[in-house]
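Hi,

Here is the structure I said I would pass on to you. Have a look at it first, and then read my notes underneath.

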Number of protein chains: 2
Amino acid sequence: MSKEQTRARLLDAAERLFAENGFDGTSLRTITSAADANLAAVNYHFQSKEGLIAAVFSRRIEPLNQERITRLDQAIRAAAPAPPDLEDILRAFLLPTLRLRGTADGLEAGHFLQLLGRVFSDPGSIKAVVLSQFRPTAQRFLEVLSQALPQLPRPELLWRLHFLIGSLAHAHAAGELIRLMSAGACDPDDGEGVLQHLTTFAAAGFRAPHTRPAPQKASMVNP
Amino acid sequence: MSKEQTRARLLDAAERLFAENGFDGTSLRTITSAADANLAAVNYHFQSKEGLIAAVFSRRIEPLNQERITRLDQAIRAAAPAPPDLEDILRAFLLPTLRLRGTADGLEAGHFLQLLGRVFSDPGSIKAVVLSQFRPTAQRFLEVLSQALPQLPRPELLWRLHFLIGSLAHAHAAGELIRLMSAGACDPDDGEGVLQHLTTFAAAGFRAPHTRPAPQKASMVNP
DNA sequence: GTTTGATTCAAACGTTCGTTTTATCCTCCT
DNA sequence: AGGAGGATAAAACGAACGTTTGAATCAAAC
């Protein structure tokens, strides 16, 4: 049927099936048969199942990082010498995940977002690999955010960035949940809508005055 | 060693191991040997592995729902006849997850939070069971939030509640991540600190003016 | 003291998994 | 045309899994 395109077909099938059934819930036999490939093809092209998983992520993460940095630089250049608007920084971070098109195969990228939302809470060794690929970009955004919100202590900024990532991951990984709970009024597939809602929510959260260092009355956690 | 306490030991061991290694990553043999029980004990007490998983969740969810509702009612009563402060509503929702003590066995509950953060993105049939147990409480909070923020359209309120849940789940499930990225400056085990940071962030996000219905300039998603 | 029913135990069953092996096919190079 | 090497194919391997079985054990009831 095809030459070396087997690699790509395996990656596409794996991405989709991993998103739908999880890593452990998807066997190599399921993947290879969905990709019209032989069972041994995975071990031939990716050495192991874990190698396949890592390849599924690597294929998407690099373009994602690139687009995030490109958009961030655009925002910085447009606002120079002042720091860019908070909303523009957030959009540079969020928008590339909500339109993962533009890569060679733009169609099935939506499945990747589900995977991305799941990897943060996955126990395996994949997490370390994926996170190390995100680290430089995250660091870059932290710097710029810090310039845009100079009054915010660094730990608080980090917490808020994590809340943003959590919201994004949840919107991706549990998209069907909100569609169900809203009886269809909220559409997680409407990337533009999600972007707007999340940008509004998170921008206000980032701009909140920093948390008071001491609780107002005794301990709320162990009263 | 003990009579019917085998059930409890199995639940404790399963909770911890599931949190550390995932559902598929934890075998019944690992669980039963950690609980000093026989391999067949799981099938005897819980019928199947999936029954064990469901029991692990059910044991914690009911007290969690109860405490959330109790605190919400307290906040409503204290503020009546006005709707309670947004911060108080959020704390009633967040605080019980950050101090899951008070149940019979208060020590290992922290592991349950990791599980809770993961269940939203899990592919299995467990998700449906867990979500159905959360649904009434979530509906109740939605009502009260809607009264406290009457100007907010219902779908936008739902989105923001989901962002809150995502932030909470991420804080629990990926707690070690923020400790790493902050080089120790952020402590995910400091429940009180997380509560304050998240309440501040989310309250500001909920109070943000509702998202403009139409994007300001053309489509940002597919330019 | 014996019986009864609930719990624990050791052992095995059948299935599925990731991986490896060996042979065959196809494509390009000289 | 013919050989070399990368890619695919079929089959088998050992290991690990969830579950089941049937006997052994225990505590309480009569």
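Below is what I found in it, starting with one chain and moving on to the chain interface, the DNA and some charged pairs.

One thing to keep in mind from the start: this is a predicted model.

**One chain at a time**

Let's begin with chain A. It has 10 helices and zero strands, so don't spend time hunting for a sheet there, given that strands would be runs of E in DSSP. Of the 223 residues in chain A, 52% are buried. If you take the contacts in chain A with a separation of 6 or more, 72% of them are between residues 24 or more positions apart.

**Where the two chains meet**

How many residues of each chain take part in the contact between A and B? On chain A there are 66, and they are in contact with 67 residues of chain B. A common way to give the size of an interface is the accessible area that is lost when the parts come together. Here the area buried between chain A and chain B is about 5,800 Å², and carbon and sulfur atoms give 69% of that.

Now for the polar side of the story. The rule finds zero salt bridges across the interface of chain A and chain B, and three residue pairs are counted in polar contact between the two chains, both residues being at pLDDT 80 or more. Several helices of chain A give two or more residues to the side that touches chain B, among them α1, α5 and α7. The one that gives the most is α8(A), with 14 residues. Sorted by class, this side of chain A has 35 nonpolar, 19 polar and 12 charged residues.

**The two DNA strands**

Start with DNA strand D. It has 17 residues around it, and those that come nearest are Thr6(A), Tyr44(A), His45(A), Leu28(B) and Lys49(B). Of the strand D atoms that come within 4 Å of the protein, 54% belong to sugar and phosphate. You can pick out some phosphate contacts yourself:

- Thr6(A) has a polar side-chain atom 2.3 Å from a phosphate oxygen of strand D.
- His45(A) has a side-chain N or O atom 2.8 Å from a phosphate oxygen of strand D.
- Leu28(B) uses a polar backbone atom, 2.9 Å from a phosphate oxygen of strand D.

The elements giving two or more residues to the surface near strand D are α3 of chain A and α2 of chain B.

For DNA strand C, there are also 17 residues around it, and Leu28(A), Arg29(A), Lys49(A), Thr6(B) and Tyr44(B) come nearest. Sugar and phosphate make up 55% of the strand C atoms within 4 Å of the protein. Thr6(B) has a side-chain N or O atom 2.3 Å from a phosphate oxygen of strand C, and for the side chain of Tyr44(B) the distance is 2.8 Å. Leu28(A) reaches a phosphate oxygen of strand C from its backbone, at 2.8 Å. Here α2 of chain A and α3 of chain B are the elements that give two or more residues.

While you are in α2 of chain B, look at Thr32(B), which sits in that helix. Is Thr32(B) buried or exposed? Its relative accessible area is 3%, and buried means under 20%, so Thr32(B) is buried. Its side chain reaches the backbone oxygen of Leu28(B) at 2.8 Å.

**Charged pairs**

Side chains of opposite charge can pair when their charged atoms come close. The structure holds 24 salt bridges over all chains. Here are two to find:

- Glu15(B) and Arg60(B) form one, with the closest N and O atoms 2.7 Å apart. Glu15(B) is in helix α1 and Arg60(B) in helix α4 of chain B, so this pair ties together parts 45 residues apart in sequence. Glu15(B) is buried at 0% relative accessible area, and Arg60(B) is buried at 2%.
- Asp73(A) and Arg140(A) form another, at 3.2 Å from N to O. This pair links helix α4 with helix α7 of chain A, 67 residues apart. Asp73(A) is partly exposed at 27%, and Arg140(A) is partly exposed at 26%.

Happy looking!

Terms used: Residues numbered from 1 in each chain as written. Chains lettered and ligands numbered in written order. Predicted model: local features only at pLDDT ≥ 70, side-chain atom pairs only at ≥ 80, totals over all residues. Heavy atoms only, no water. Contact = heavy atoms within 4.5 Å. Buried area = accessible area lost by both parts, 1.4 Å probe. Salt bridge = Lys/Arg side-chain N within 4 Å of Asp/Glu carboxyl O. Polar contact = N/O pair within 3.5 Å; in protein donor to acceptor, adjacent residues only side chain to side chain. Helix = DSSP H or I, 4+ residues; strand = E, 2+ residues; numbered from the N terminus. Nonpolar A, V, L, I, M, F, W, Y, C, P; charged D, E, K, R; others polar. Near = heavy atom within 4 Å. Buried < 20%, exposed > 50% of the residue type's maximum accessible area, 1.4 Å probe, protein only.
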